[in-house]
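Hi,

Here is the structure I promised to send over. Have a look at it first, and then read on for what I found in it.

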Amino acid sequence: MKIGCPKEIKPQEFRVGLTPNAAREAVSHGHEVIVETGAGAGSGFTDADYVAAGAHILDTADEIFAICDMIVKVKEPQAVERKMLREGQLLFTYLHLAPDPEQTKDLLASGCTAIAYETVTDDRGGLPLLAPMSEVAGKLAPQVGAWTLQKANGGRGVLLGGVPGVGPAKVVIIGGGVVGTHAARIASGMGADVTVLDMNLGRLRYLDDAFRGEFNTSYASKGNTAELVQTADMVVGAVLIPGAAAPKLVSREQLSTMKPGAALVDVAIDQGGCFETSKPTTHADPIYEVDGIMHYCVANMPGAVARTSTIALGNATMPFMLALADKGWKQACADDPNLLNGLNVHAGQLTYYAVGKALGIDVVSPQLVVK
Ligand SMILES: NC(=O)C1=CN([C@@H]2O[C@H](COP(=O)(O)OP(=O)(O)OC[C@H]3O[C@@H](n4cnc5c(N)ncnc54)[C@H](O)[C@@H]3O)[C@@H](O)[C@H]2O)C=CC1
Ligand SMILES: CC(=O)C(=O)O
Ligand SMILES: [Mg+2]
């Protein structure tokens, strides 16, 4: 199979879909790997590194999309990339379709088959291709939130860890999954007073047990959430219902109950965001203010630490990428129900129920598609 890896074109996205190690592995399985010139530069990989791994280099994304059977990327295809996708071609990348009707329309029109990293599952109910980037974004959240809280950036002027004689900042994390857990570890490591909210009591039990009270836990009822948000210096949005649009858990009215200059860090923005006032921002212009509350809503946070993120993502995607290349997507998905859960689009039809529900589009069963 011809496997293509174009350079990412989303603003300030420095990750790349294939590492030289992944390219080497695919070549050793008998595949041809074609990488766009400079695609790895933002992650510290040169064209020569890919050539040494057995890949070929081409000058433009057009050439790669024209000749490759499978396109491996990081971020959802941008409008110009969507025009290059074609019937029968396989796209393997993050998609986040539920909050993105335009991308969904274009993918359906292209006739391609698209497998979304964020809905591939594992046998323990986890999301193995989302997890590495959630680990990164979770660890970044207190760091970017601390910066947002600085006075010159519009924030409250509060230091997360406090100092002797002045108490620490209060950090409230809504969602105690992968993002939430990593954010809690870092925020409490920075000395903040941290509370994690989740609706899953089993998850709260696990967090309490595993971290031995290093941070507080609270059940995510509307009342508890509203009370904690009022007292918070920083709120991290870290909820997920896989594939679906994020539920809105803090309304615009609630902003007036918060401390002026508090920071909302909406990591769930890639699924539409869990604060009513969230809208996607970029690393170039990451924050904005609504009703005196600072918002940070960058939808590709891991791109900021591209080398760490590219290697972590590549470790996770490699076995799935190889299965897709070795067997073809249909057989690979038929053999592995976890990979089949990644199938979002095939030949003009949606194949993921939560996306169809969010966008009001009919869905065909993925099991029928691979029969
Ligand atoms: N902005 C960015 O650059 C990035 C964003 N993300 C996003 O972060 C979000 C979280 O991802 P993960 O932590 O991996 O998901 P996860 O599935 O590990 O955790 C989500 C948690 O949210 C909880 N939850 C669901 N609904 C809730 C509610 N109404 N109230 C309280 N808790 C609720 C679940 O019980 C679960 O524990 C996702 O939208 C993901 O796509 C992930 C990586 C990078
Ligand atoms: C998960 C995601 O959206 C990202 O890593 O950018
Ligand atoms: Mg994203």
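Helix α8, residues 201-210, is hardly covered: of its ten residues, the count of buried ones is one. Right after α8 comes R212, with a positive phi near 45°. Before you go further, keep in mind that this is a predicted model.

Strand β10 (residues 234-237) makes a nice contrast to that helix. Both of its faces are covered, with M234 and V236 buried on one side and V235 and G237 buried on the other. That split fits the general rule that side chains in a regular strand alternate between the two faces of the sheet.

β10 also has a partner on each flank. With β7 (residues 170-174) it pairs in the parallel sense over four bridges, and V172 stands opposite V235 there. With β11 (residues 263-266) there are again four bridges, and the two strands run parallel. In that pairing V235 faces L264, while M234 has A263 as its bridge partner.

Zooming out, these strands belong to an open sheet of seven, in the order β9-β8-β7-β10-β11-β13-β12, with mixed pairing. At the edges sit β9 (216-219) and β12 (287-290), each of which pairs on one side only. On average, neighbouring strands of the sheet are turned by 20° against each other, ignoring direction.

Now to the helices. α6 lies across β7, β10, β11, β12 and β13 (293-296), and it runs at about 150° to β11. α6 also packs with α7: their axes come within 7 Å and cross at roughly 35°, and the crossing is right-handed. From α6, the residues in this contact are A131, S134, E135, A137, G138, K139, A141 and P142, and they meet V178, V179, G180, T181, H182, A183, I186 and A187 from α7. By class, that contact divides into nine nonpolar, five polar and two charged residues.

On to the ligands. Ligand 1 has 35 residues around it, and those that come nearest are S134, G175, G177, V179 and M301. The elements that give two or more residues to this shell are α6 (131-148), α7 (178-189) and β8 (193-198). So you will meet some familiar names here: S134 and V179 are also part of the contact between α6 and α7. By class, the shell around ligand 1 has 23 nonpolar, eight polar and four charged residues.

Around ligand 2 you will find Y94, L130, M133, D270, N300 and P302. Those divide into four nonpolar, one polar and one charged residue.

N300 deserves a look of its own. Where along the chain is N300 found? It is in the loop between β13 and α11 (306-327). And is N300 buried or exposed? N300 counts as buried because it has 26 C-beta neighbours inside 10 Å, where 20 or more are needed. Leaving aside neighbours within four places in sequence, N300 is in contact with K10, E13 and K75. As for E13, it is 287 residues away from N300 along the chain, yet their C-alpha atoms are separated by 7.3 Å.

Let me know if you'd like to go through any of this together.

Cheers

Note on methods. Residues numbered from 1 in each chain as written. Chains lettered and ligands numbered in written order. Predicted model: local features only at pLDDT ≥ 70, side-chain atom pairs only at ≥ 80, totals over all residues. Near = placed C-beta within 6 Å. Nonpolar A, V, L, I, M, F, W, Y, C, P; charged D, E, K, R; others polar. Axes fitted to C-alpha atoms, helices over the stretch in contact; angles between N-to-C directions. Left-handed = near helix turned anticlockwise from the far one by under 90°. Contact = placed C-beta atoms within 7 Å. Buried ≥ 20, exposed ≤ 12 C-beta atoms within 10 Å, placed from the backbone. Pairing = 2+ DSSP bridges.
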